[in-house]
Amino acid sequence: MAEPGASPLPAIPPPAPPRTPDSRAPLARAEHFVWLTARVLEQRLFAYHFRGGDPGPVETALEAYRNEDGGYGHALEPDLRGPASQPLHTACALRVLDAVGRCGGQRAERICRYLTSVSTPDGALPVTRASRDGHPAAPSVPDAADPPGELLVTGPVVGLLHRNEVWHAWLFRATDFCWQAAESLASPHPYEVEAAVAFLDSAPDRPRAEAAADRLGRLVREQRLAVLDPGDLGPNPAPPGHAPDEHRFPHDYAREPRSLARAWFTDDEMARSLDFLAAGQEDDGGWPSRRRRRAPVPALEVRARVTLEALCTLRAYGRPLG
């Protein structure tokens, strides 16, 4: 008992009630996460994909990242900060425009002019320009004085432009580069394989694309670049320099059933991969990013994109979202 005149002892708060799992459907939980944490762009994309939203607001949100040179900057790709236009940001912008069916016309022409201005002599795109002006970036983003062209950026960009029937003089050289790079991969990084698939899925020469994809699929299996049993990660160590859980799974290569990479995996392997993806939704409603964290804000912005990608992949394969 407290002495007379002494301050009363603070009340002991009652124990917190036991935490119960969120019983809402995956889509409702993800929507809560997006509205709580995501940028306006990802909020608009969610509304477009899952709530019948119009593409116009997505375009408006994306316009905030565009620069006068026709490229995109301002940390559109969260791992690379700063206002300057960069090929990596511009590739991200093309993915957004493709997702809402607006990848064409004068906008595509402006983007292609920018891509031409930053491409290497062989028509390829570097991940970043020669100088980032001191702005921060994730460790995985290269910073070279004379950056080489990379399939990592060029493959997805060229694939998207072909899929949308965009024609520009730059595309001829860039397409040749992608063919040479995709057909010569011998000990590829998983992200290089994903970039090659993004190109091959929309490359104009379908027989050639199918042959190249078949060869890549054999490499993926022989070199264990995809985890075929998510319950046993032992045979599939993460690539050097990456986070311990930065593995790739069948659904990472074949994000929709129409992808050429879908033929690389059996129905059971793909089902296990999709089960693993669906089970990865976290308590806050979002999906985790398996990449190394550098700072809280970019990590959270990446999670919003990863969450949208997970939802779109699950829906493409007919998985219920609620």
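This report walks through the fold, two helix contacts and a few single residues of a predicted model.

## The overall fold

Let's start with the big picture. The protein has 12 helices and zero strands, so if you read along the sequence, you just get α-α-α-α-α-α-α-α-α-α-α-α. Of its 322 residues, 49% count as buried.

What about contacts along the chain? Take the contacts in the protein with a separation of 6 or more: residues 24 or more positions apart account for 62% of them.

## Helices H4 and H6

Here is one pair of helices to look at in the viewer. H4 covers residues 87–99 and H6 covers residues 151–163, and the two pack with their axes 10 Å apart, at an angle of about 30°. That angle makes H4 roughly parallel to H6, because anything under 35 degrees counts as roughly parallel. The crossing of the two helices is left-handed.

Which residues of H4 and H6 meet? On the H4 side they are Pro87, Leu88, Ala91, Leu94, Arg95 and Asp98, and on the H6 side Val153, Val157, Leu160, Leu161 and Arg163. Sorted by class, the contact has eight nonpolar residues, three charged ones and no polar ones. As background, an α-helix has 3.6 residues a turn, so residues three or four places apart point the same way. With that in mind, have a look at Leu88, Ala91 and Leu94, which are among the H4 residues in this contact.

## Helix H7 and its neighbours

H7 runs over residues 169–184, and its length checks out: at 1.5 Å a residue, its 16 residues should span 22 Å, and the end C-alpha atoms are 24 Å apart, which agrees.

Which residues of H7 are buried? They are Trp170, Leu171, Ala174, Thr175, Phe177, Cys178, Trp179, Ala181 and Ala182. As for what they pack against, the buried residues of H7 meet four helices: H5 (105–118), H6, H8 (190–200) and H9 (206–222). H6 thus turns up again here, having already been seen packing with H4.

## Val127 and a link to H6

Val127 sits in the loop between H5 and H6. With a relative accessible area of 10%, Val127 is buried, because the cut-off for buried is under 20%. Val127 and Val153 are 26 residues apart in sequence, yet their C-alpha atoms are 6.0 Å apart in space. Val153 is also one of the H6 residues that meet H4.

## Two loop residues with positive phi

Ala75 and Arg224 are worth a look for their backbone. Phi of Ala75 is near 60°, a positive value in a residue other than glycine. Ala75 lies in the loop between H3 (55–63) and H4. Is Ala75 buried or exposed? It is buried, with a relative accessible area of 7%.

Arg224 also has a positive phi without being glycine, with a value near 55°. Its place is the loop between H9 and H10 (250–253). Arg224 is exposed, at a relative accessible area of 53%, because exposed begins at over 50%.

## Ser273 in helix H11

Last stop: Ser273, which belongs to helix H11 (residues 267–279). Its relative accessibility is 0%, so Ser273 counts as buried. What does Ser273 touch, leaving aside residues up to four places away in sequence? The residues in question are Phe249, Pro250 and His251.

How values were computed:
Residues are numbered from 1 along each chain as its sequence is written. This is a predicted model: local features need pLDDT of at least 70, side-chain atom pairs count only at pLDDT 80 or more; totals for chains, interfaces and linings use all residues. Side-chain values use heavy atoms; hydrogens and water are left out. Buried means under 20% relative accessible area, exposed over 50%, partly exposed in between (1.4 Å probe, protein chains only). Contact means heavy atoms within 4.5 Å. Axes are lines fitted to C-alpha atoms, for helices over the stretch in contact, and angles run from 0 to 180 degrees between N-to-C directions. Angles under 35 degrees count as roughly parallel, over 145 as roughly antiparallel, 65 to 115 as roughly perpendicular and the rest as oblique. A crossing is left-handed if the near helix is turned anticlockwise from the far one by less than a right angle, and right-handed if clockwise. Ala, Val, Leu, Ile, Met, Phe, Trp, Tyr, Cys and Pro count as nonpolar, Asp, Glu, Lys and Arg as charged, and the others, Gly among them, as polar. The expected span of a helix is 1.5 Å times one less than its number of residues.
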